[in-house]
Structures are given as structure tokens and as C-alpha cells.
Amino acid sequence: MPGPRTVTPPDAGKRRWRFGVRTMSPAYFGMVMATGIVALAADQIAHPRIACALFTVAAVAYGVLWALSALRALRHPRLFFGDLVDHKRGPGFFTMIAASGVLGSASVVLADSWAVGFALWCVAFLLWGVLTYAIFAAFTVKQTKPGLAEGISGAWLLSVVGTQSIAVLAALLAAQAEQPWRQEMNFVALSMWLWGGMLYIWLMALIFYRYTFFRLSPDSLTPPYWINMGAMAISTLAGSLLIANAPDAPFLLSMEPFLRGFTVFYWASGTWWIPMLLILGVWRYVWMRFPLRYDPLYWGAVFPLGMYAVGTQQMTLAMDLRFMPALPAVFAHVAVAAWAVAFVAYFIGLRGGEAG
């Protein structure tokens, strides 16, 4: 005789949906960041179909996430704007900037669409102006603030990634623009590249201090700490594109030794982080047995892998570094595999009601 059948209440799905919108992480645009850059990584290892599929997923996810974010802002404005000024969740909003920039770059490279790339660059630049000053000004003037150990994390470096994504897209657009727009876009790219580097130095000093002088528990070692490397990888990409554009902009040509030196500096700094982050990952999940389950923040760990592959590839081309041809390909394959794991985990979490 069959046992009693479990009946799901008809409004259970609706309640889950409402809960997901209400608690949606501001960092969810990291999914677009990761998917867009992995699409570019797949393209550089001669997998155009995978690149096209990932680009399509990124474009659809970008539209859906904007719709959900607008819905959350309208239905739950106190939660939405409360997240904006929260030291832990606020930096997640910078994924909106980076997602726009990365998707714009993919549009230029994969779809050969200068117009779409420029439109997304305008969106990214507008978001950068609003979010950068709104978030950091709010953090400055708010009366109740967390301590450094509770307030700082690798997610703060998403502000660097957002800034550098504008530099990358500006450099790509400049390469196809007519004069005088070519020089002006290159100058914007250079300015954002330099500012992003300065911002990284400020924030990384705080993060490294938090690493070495405060107790680090397994639950506080969140996946966005991989942005320690990812922020340097995208800085490498931006610097490499500026080197490639130097013949078309006299001010870049005069700075070329500086561009080359700092591009290698960024790449070397990002490379140093990879073994360190792997060691800390083993400590977290193997030694401390922290449970491995889906979290939207894991897209912040996939993105750096793809960005490292693309940034390293562009650096080898811009600086004619023929002695390390395999490194970008290895990381591109790793990035595609990591994206697949995160995407499967996302759907498992979605079915279990944990993907919000």
C-alpha cells in the first residue's frame, strides 16, 4: 500500500519567490561578471560555441537581474537601500558596474558590436559615478560602524574590479573609434586604470592587515577573497590593452615603459595570490571542514580564474612574452570547469530554495 503523499501548498512557490526577491544579494551580478569573462576565456582557447552560449547566458542573466533588482527596490526599499550602506553587503553593488563593463567587453569582442559595447560602457560609467561616491560617502558619515575585522573583506575590491572594467571596455572601444574619440577614450581608460590601481593599494593594505593581525575564522574567509587576485588580473588586462593602443595615442606612447612595468607588477601581484588562496581554501574546507554549499558569492571566485586567463593572454600578446604560452590556456580550462560547477550548484540551490 503506497504511503501518504506529500502535498506542497499552492502558495509555497509564491512565498519562496517573494522571500528570494526580498533577501536577494546585491552581489548577484557577479554571475554576469563570471559568465561574461569565462565566455571570453573560452573564445581564446578556440571554443566559439561555448563562448557564444556563455555570452547568451550572461546577457539573459543581466536583464533578469536588473528586473529583479528593480522589483526589490520597489517592494523592499528599506532593505535595498539599507544594503547599500551596509559595510558587508554594500560592496556587492559594485558587481553591477563590473557586470556592465564585462558584458560590454564581450559584446565588442564576441558579437563585434561597438554600439552595444558603448551603451553598456555608458551604463557602467554612470553606475560607477553614483555607487562609488554614494557607498563610500555613506560608509564615511554613518555613525555606527563595524570594526575592521567584521567590516572589511575581499568584496571591497569589487570597487577596483568595477573601475578597471570601465578601463578595459574604454580601451576596447578606443581601438575601433575614429579620432579624436580614440585619444579621448584612451585617456579615460588610462585614468580609470591608474585610479583602480591606487584604490587597490588602499584597500589591499587594510585587507592584508585584517588577514595577519585579526583572528580569521572559516566562515569569514568568504569566496570574494579571490577578488584579491581578480582585481590584479583585470588591472593586467587593462594595462595590456593600453600598451596595444599606445601607437594611436602619443601620451600612451610616451608612458609605454611605465605601462609595461606596472602591467607586469599587477600580474605578478595577482599571481602571488593564487597559491595563498589555494592554501587558505584547503584550510577552510579540508582542515576546518567548513560545509561546501552554493552561495551567490562563489561567482566572485569563478570570475578571477577567467580574468586571470584573459589578462595573462593579453599581456603575453602585448609584450611578446612567448615563453609562457600554456598558462592562459590552462586557466581558461579551469575557469570553464569552475563556471560549470557553480552553475550546476546554482540550480541545485534554486530547487532547494537557497539561490536567493
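Where is the place of Pro 180? Select the loop between α8 (158–176) and α9 (181–213); Pro 180 is there. This is a predicted model. Now show the backbone. Gln 179 and Pro 180 are joined by a cis peptide bond, with omega about 5°. Most peptide bonds are trans, and most residues other than glycine have a negative phi.

Two stops concern phi. Select Ala 46, in the loop between α2 (30–44) and α3 (48–75). Its phi is positive, about 65°, although Ala 46 is not a glycine. Turn on the surface: Ala 46 is exposed, with a relative accessible area of 59%.

Go next to Arg 289, in the loop between α12 (256–287) and α13 (299–318). Arg 289 is not a glycine either, yet has a positive phi of about 55°. Arg 289 counts as exposed, at 72% relative accessibility.

Stay with this part of the sequence and select Arg 284 and Phe 290. The charged end of Arg 284 sits over the ring of Phe 290, 4.0 Å from the ring centre.

Now the aromatic rings. The count comes to 33 aromatic pairs. Pick out Trp 299 and Trp 339: this pair is tilted, with 6.3 Å centre to centre and 55° between the planes. The two rings link distant parts of the chain, 40 residues apart: Trp 299 is in helix α13, and Trp 339 is in helix α14 (residues 326–351). Are they buried or exposed? Trp 299 is buried, at 1% relative accessible area. Trp 339 is also buried, at 10%.

Last stop: select Trp 114, Phe 118, Trp 121, Phe 125, Trp 128 and Tyr 133. Ring pairs link these six residues into a cluster.

Note on methods: Residues are numbered from 1 along each chain as its sequence is written. This is a predicted model: local features need pLDDT of at least 70, side-chain atom pairs count only at pLDDT 80 or more; totals for chains, interfaces and linings use all residues. Side-chain values use heavy atoms; hydrogens and water are left out. Helices (H or I, at least four residues) and strands (E, at least two) are DSSP runs, numbered from the N terminus. Buried means under 20% relative accessible area, exposed over 50%, partly exposed in between (1.4 Å probe, protein chains only). Rings of Phe, Tyr and Trp (its six-membered ring) pair if their centres lie within 6.5 Å; planes under 30 degrees apart count as stacked, over 60 as edge-to-face and the rest as tilted. A charge sits over a ring if NZ of Lys or CZ of Arg is within 6 Å of the ring centre and within 35 degrees of the ring normal.
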